[in-house]
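Thanks for passing this one along. My notes are below, kept informal.

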Amino acid sequence: MISFLPFIIMYKPTLTNFADFIEKPKPVIPKSKYEVQSDINMYLNIALLLVIVIGGIYLYQRFKYKQDREEETKQKLQDFDNYLNDYFVNDMLSKQNNNTY
């Protein structure tokens with residue numbers, strides 16, 4: 001069996017310089033005005049492209065379901081007209097016929 005005890009006893013401790021473990025700060029390279037402006041232009045172009053794509057999708061969806069919305073609206077108007085004729089107009093006519101002078 002191998003014993004590590006003699007290695008531990010024989011090893012002499014040394015003092016450590018902790019300054020060696022500290023990372024030195026990297027130099028900050030300031031961006032030029034042109035680089036800052038080109039970054040801003042890139043972000044604006046991306047934002048504008050997203051707005052155009054979302055608007056295109058919205059217009060396509062409106063076009064795709066236009067006929068369905070028109071038919072649904074006509075059906076609702078027809079149902080409302082039938083409801084008015086059945087309850088209000090006929091009721092008013094019957095009251096008018098009963099109250100003749």
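The points run from the overall fold to individual side-chain contacts.

1. First, a reminder that we are looking at a predicted model, not an experimental one. The protein has three helices and zero strands, so reading from the N terminus the order is simply α-α-α.

2. What struck me next is burial: of the 101 residues in the protein, 0% count as buried. The cut-off matters here, because a residue has to fall under 20% relative accessible area to be called buried. The accessible surface adds up to about 10,900 Å², and carbon and sulfur atoms account for 65% of that area.

3. How many salt bridges does the structure hold? There are two, and I take them one by one.

4. One salt bridge pairs Lys-31 with Asp-39, with the closest N and O atoms 3.0 Å apart. On the Lys-31 side the residue is exposed, at 54% relative accessible area. Asp-39 has a relative accessible area of 25% and is partly exposed.

5. The other salt bridge joins the side chains of Glu-72 and Lys-76, at 3.5 Å from N to O. Where do these two sit relative to each other along the chain? Both lie in helix α3, which spans residues 66-98. They are separated by about one helical turn, because they are four residues apart in that helix.

6. As for exposure in that second pair, Lys-76 is exposed, with a relative accessible area of 54%. Glu-72 comes in at 45%, which means that it counts as partly exposed, the class between 20% and 50%.

Definitions and conventions
Residues are numbered from 1 along each chain as its sequence is written. This is a predicted model: local features need pLDDT of at least 70, side-chain atom pairs count only at pLDDT 80 or more; totals for chains, interfaces and linings use all residues. Side-chain values use heavy atoms; hydrogens and water are left out. Buried means under 20% relative accessible area, exposed over 50%, partly exposed in between (1.4 Å probe, protein chains only). Accessible areas come from the Shrake-Rupley method with a 1.4 Å probe; for residues, only the protein chains shown count as cover. A salt bridge is a side-chain nitrogen of Lys or Arg within 4 Å of a carboxyl oxygen of Asp or Glu.
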